[in-house]
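I opened this entry to record what I looked up in the model. My notes follow in the order in which I took them.

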Amino acid sequence: MATAAHTPAHRGRTTLAVVLLGLFTLPMAMSGTTVALPSIGADLDASGGALNWVVTGYFLAASSFMLVAGSLGDLYGRRRLFSLGALLYTVSTIASAAAQNILLLDIARIMVGIGAAGVMATGTALLATIFEGPARTKAFALAGTTGSVGLSLGPTVSGSIVDALGWRTTFLAYAAVGAVILVGSVVLPDARAAVRPKVDKAGAATFISGLALTLFAITQGPQQGWGSPPPLLPVPLGPGAPPTFVRRGGRPAAPGGRPILDISLAADRTFIAWPLGSFALGAGTGAAMVFLPTYLQGTSGFSAREAGLVLLFLSVPMAVLPQIGARLVNRGVTVRTLLLTSLVLISAANIWLGAVLHPGMGTAPLAAPVLILGAATGLSIAIIDAQALTAVDPSRTGMASGFLNTVRGGTGAVMLTVFGALLLALLEARAGSPEAAGRISSGVAQEALQAEQFSASMRLGLWAVAGLVAVLALAVAALTRTTRPGAQSPDRTNTDPAPLAEPTTLQTR
C-alpha cells in the first residue's frame, strides 16, 4: 500500500498539491455559477427550471456518480479515474462556455458534474492511501480547508469575472485550471485492489438512476406542479431504486464481482455517524450559501459581486478553523465533541440569520451569523473524512471516500431542491401564484411588498433548517456515544488510523 512510509516525501507533497487544486476549483465552479444565472438567462433567453438546471444538473450528476467513481477507482486505479475525471471536467467546462442555447449548456454542466465526481472521490482516496496518522489528519484538514474556501469564494470570484468579462469567461477560467489538474495527475501515485473483480454494473445503474430520478422529481415538482408528468413519471422508478439496491445487499450479480457499496459499510454505526454529521454540516450551511446572494440582490440592491463578497464571512473562518480543529483532535479532543459543538452553533446561526433579514439591509447585520456558520463548519468539516476512513479496510477507502463525497454532494443537491421547493411554496402562499413566486425568488429587483414576502419566506426557511440540524445533531450524538461502561469510545481513532490491512490488500505503483 502507498503510505507515508513508502511514498517519497516530495511525491506526497506533489499529490497533495494536485488533489488540493482539484478540491479547491471544483466546488468553486459549483457555487460560483449561482451568481452567474441572471446573466446566463439574459444571454440565452432562459428562465425557470431550464435555467436552474445549470446548477442543479451539476449537483445531481456529481452526487449520483460520486460513489460509483470511488468504487471504480478501487478497482481500476485511483490515478486513472482521477485523470479521466479531470479530462471530462475540463472538456465539458469548455463546452459550457461555448454553449449557444440552454439545453446544450445544461447537458454540458451535467458532464462537468460527472467529471468532478471522479476527481473528488478518487482525490480524497489518494490522500487516505498515502498519508498515515497525524499526517493524514493534517492532510484532510488541508483538504477540508481548501474545499470549503473554494466553495465559499466561488460566488465572489465568479461574480467579479461575470461583472467584468461575462459568464463565458468564467467557465473558461475554470477550464484552464482543470487543464492544470489534468497535467498534474500524471505524477500521482496509483492504488487499486490487488484483485480486479467484475464491476457491479447492476448496482451502479440502480444507485445512479435511483438517486438521479428522485432528485429530478424533487426539482421539477415545485416548478411544474406535483401533479404534472415531469415529477410524477420518475416516482415509481426513483424512490423504488434505493430499496432495490439495499435488498440486493450491495451484492454484485456476477460471481466474483465487487459491490458498488458494501451495505455492511453503511450499517456500521462507528462509520455511518460521520457521513450523517457531514450531511448535517452541509444542510446547515447550504441554504445561506446558495440562496442568500439571490435574496440580497432581489431585496437590497446588491450587485452580483457585492452579494458574493458577503460569503467571505464564510470563507475566512473556514480557512482557519480546519487547522485548529485538526490540532485539537491530535491533542486529544474527541471528534464527537467538535462535531456536536459545530452542529449546535450552526443551528443557532440559522435562527439568528433568519431573524436579521429585512429588505434594504446592509452587510453589517449579516456578519455575525454568517461568521458563526463558517466557523462552526470549518471546525469539523476537515476531520470527518479522516475519522470515517480510518474505520474501513484500506482496500475500500475509495468506496468509503465515494460514499462520503456522495453524502456531501447529495446534501447540496437535496438542499438546493428541497429548500428551493419550500421557499417557492412559502412565496406562493404570500404572492398568490407560482409565477409570482418564481419571479420573486429569481433575484430580480422587487417592490417593497415583494421584498417583504421574500424576507418572511427566507426567514421561515432558515428556521426550518435550524430545526433539521438540531434533529441530526441528536442522531449523531446517539450513534457516537459509548454504549456500556468501559466500552471503547467511537472516537478511539482521533489521531491514528485503524490498523493497516495486509500488504497484499492494495496494489500501488
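**Core and helix packing**

I began with L357 in this predicted model. Setting aside residues up to four places away in sequence, I found that L357 touches L292, Y295, L366, S455, M458, R459 and L462.

I then looked up the largest nonpolar core, which comprises 110 residues. L357 is among the residues with the most contacts inside this core, together with I40, L105, L353 and M458. M458 therefore appears both in this group and among the residues that L357 touches.I next examined the packing of helix α11 (residues 269-300) against helix α14 (residues 335-356). Their axes lie 10 Å apart and form an angle of about 20 degrees. Because this angle falls under 35 degrees, α11 is roughly parallel to α14. I noted the crossing of α11 and α14 as left-handed.

Which residues make the contact? From α11, I listed W274, G277, A280, L281, G284 and A288. From α14, I listed V335, R336, L339, S342, L343, I346, N350 and L353. I sorted the residues of this contact into nine nonpolar, four polar and one charged. L353 of α14 belongs to this contact and is also one of the residues with the most contacts inside the largest nonpolar core.

**A separate look at T170**

I located T170 in helix α6 (residues 167-184). Is T170 buried or exposed? Its relative accessible area is 5%, and the limit for a buried residue is under 20%, so T170 is buried. Apart from neighbours within four places in sequence, T170 is in contact with S158, I161 and V162.

Conventions
Residues are numbered from 1 along each chain as its sequence is written. This is a predicted model: local features need pLDDT of at least 70, side-chain atom pairs count only at pLDDT 80 or more; totals for chains, interfaces and linings use all residues. Side-chain values use heavy atoms; hydrogens and water are left out. Axes are lines fitted to C-alpha atoms, for helices over the stretch in contact, and angles run from 0 to 180 degrees between N-to-C directions. Helices (H or I, at least four residues) and strands (E, at least two) are DSSP runs, numbered from the N terminus. Angles under 35 degrees count as roughly parallel, over 145 as roughly antiparallel, 65 to 115 as roughly perpendicular and the rest as oblique. A crossing is left-handed if the near helix is turned anticlockwise from the far one by less than a right angle, and right-handed if clockwise. Contact means heavy atoms within 4.5 Å. Ala, Val, Leu, Ile, Met, Phe, Trp, Tyr, Cys and Pro count as nonpolar, Asp, Glu, Lys and Arg as charged, and the others, Gly among them, as polar. A nonpolar core is a set of buried Ala, Val, Leu, Ile, Met, Phe, Trp, Tyr and Cys residues joined through side-chain atoms within 4.5 Å. Buried means under 20% relative accessible area, exposed over 50%, partly exposed in between (1.4 Å probe, protein chains only).
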